[in-house]
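Visitor: I'd like a close look at one small part of this protein, and then at whatever surrounds it. Could you take me through it slowly?

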Amino acid sequence: MQSYSFTTQEVLDTLSEGGVKPSAQRMAILRFLMENRVHPTVDEIFKALQPENPTLSRTTVYNTLRLLTEAEIIRCIETGVNGARWDYSQHDHAHFLCTECGRVTDVAFTMPSSLPLPESGYQVKSADVIFRGTCPLCAG
Ligand SMILES: [Zn+2]
Ligand SMILES: [Zn+2]
């Protein structure tokens with residue numbers, strides 16, 4: 001898996017581009033998502049950050065994720081397995097959910113330019129595409 005590293009300034013810039021006021025906890029949460037492209041759950045983010053941020057609560061993590069999603073800095077993926085996953089991603093892509101181990105992997109995907117919508121007048125702004133099946137680790 002590709003690894004990512006961001007400076008404090010880059011994390012600050014990303015927050016301010018989304019119009020989100022920076023705080024130490026918001027920066028820690030966003031940086032974690034920017035650097036760990038594994039589509040973590042709220043719990044995974046909380047457990048990873050809590051040792052270095054003893055005052056951090058699960059509620060703060062959840063509320064911050066909601067805030068970052070509303071600012072369109074991150075996206076929320078509702079997999080129905082282990083709860084919502086969170087994704088920092090700048091590009092259009094779909095997801096593959098392994099229904100055995102719950103791992104979520106990025107899949108290159110472009111929206112079709114014409115969709116069989118029932119009538120004219122619909123404007124698609126976004127789509128969440130999730131493929132389900134088994135990953136290579138679980139297939140055998
Ligand atoms: Zn799997
Ligand atoms: Zn993704």
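Visitor: Where does Thr105 sit: in which strand?

Guide: Before anything else, keep in mind that this is a predicted model. Thr105 has its place in strand β4, and that strand covers residues 104-108. Its relative accessible area comes out at 34%, so Thr105 counts as partly exposed, since that class lies between the 20% limit for buried and the 50% limit for exposed.

Now for its company. Setting aside neighbours within four places in sequence, Thr105 is in contact with His39, Ala94, His95 and Phe96. Strand β3 spans residues 93-98, so you can find three of these partners by number there, namely Ala94, His95 and Phe96. For a sense of scale, take Val11: it is 94 residues from Thr105 along the chain, and their C-alpha atoms are separated by 24 Å.

His39, another partner of Thr105, deserves a stop. It is found in the loop between α2 and α3, where α3 is residues 42-49. At 2% relative accessibility, His39 counts as buried. Its backbone catches the eye too: phi is near 55°, which is a positive value in a residue other than glycine. If you want a second case to look at, Glu72 also isn't a glycine and has a positive phi of about 60°. Glu72 belongs to the loop between α4 (58-70) and β1 (75-77), and with 71% relative accessibility it counts as exposed.

Back to the start of β4, and a short step down the chain to Arg103. This residue is in the loop between β3 and β4, and it is partly exposed, with a relative accessible area of 37%. Not counting residues up to four places away in sequence, Arg103 touches Phe96, Leu97 and Cys98 on the one hand, and Cys135, Pro136 and Leu137 on the other. Phe96 is a partner of Thr105 and of Arg103. Arg103 and Val38 are 65 residues apart in sequence, while their C-alpha atoms are 8.0 Å apart in space.

Two of those Arg103 contacts, Cys98 and Cys135, lead to the next stop. An unreviewed UniProt entry places the feature "binding site" at Cys98, Cys101, Cys135 and Cys138. These positions span 41 residues in sequence, yet no two of their C-alpha atoms are more than 8.2 Å apart, so they gather at one spot.

Let's take two of them in turn. Cys98 is part of strand β3 and is buried, its relative accessible area being 0%. Beyond residues up to four places away in sequence, it touches Arg103, Gly133, Thr134, Cys135 and Cys138. Cys101 is placed in the loop between β3 and β4. At 39% relative accessibility, Cys101 counts as partly exposed, and with the same sequence neighbours set aside it touches Cys135 and Cys138.

Zooming out, the protein is divided into domain 1 (8-87) and domain 2 (93-139). Taken over C-alpha atoms, the centres of the two are 22 Å apart. Where they meet, 9 residues of domain 1 are in contact with 9 residues of domain 2.

For a look at the other end of the sequence, try the first two helices. The axes of α1 (residues 8-17) and α2 (residues 24-35) come within 10 Å and cross at roughly 100°. That makes α1 roughly perpendicular to α2. On the α1 side, Thr8, Glu10, Val11, Leu12, Thr14 and Leu15 take part, and they meet Arg26, Met27, Leu30, Arg31 and Met34 in α2. By class, this contact has 6 nonpolar, 2 polar and 3 charged residues.

Finally, the whole chain. It holds 5 helices and 5 strands, and reading along the sequence gives α-α-α-α-β-β-β-β-β-α. The C-alpha atoms fill a box of roughly 50 × 45 × 25 Å along the principal axes. Of the 140 residues, 34% are buried. Among contacts between residues at least 6 apart in sequence, 50% join residues at least 24 apart.

Terms used. Residues numbered from 1 in each chain as written. Chains lettered and ligands numbered in written order. Predicted model: local features only at pLDDT ≥ 70, side-chain atom pairs only at ≥ 80, totals over all residues. Heavy atoms only, no water. Axes fitted to C-alpha atoms, helices over the stretch in contact; angles between N-to-C directions. Helix = DSSP H or I, 4+ residues; strand = E, 2+ residues; numbered from the N terminus. Parallel < 35°, antiparallel > 145°, perpendicular 65-115°, else oblique. Contact = heavy atoms within 4.5 Å. Nonpolar A, V, L, I, M, F, W, Y, C, P; charged D, E, K, R; others polar. UniProt positions renumbered as here; feature names shortened; annotations may be inferred. Buried < 20%, exposed > 50% of the residue type's maximum accessible area, 1.4 Å probe, protein only. Domains from an automatic or database assignment.
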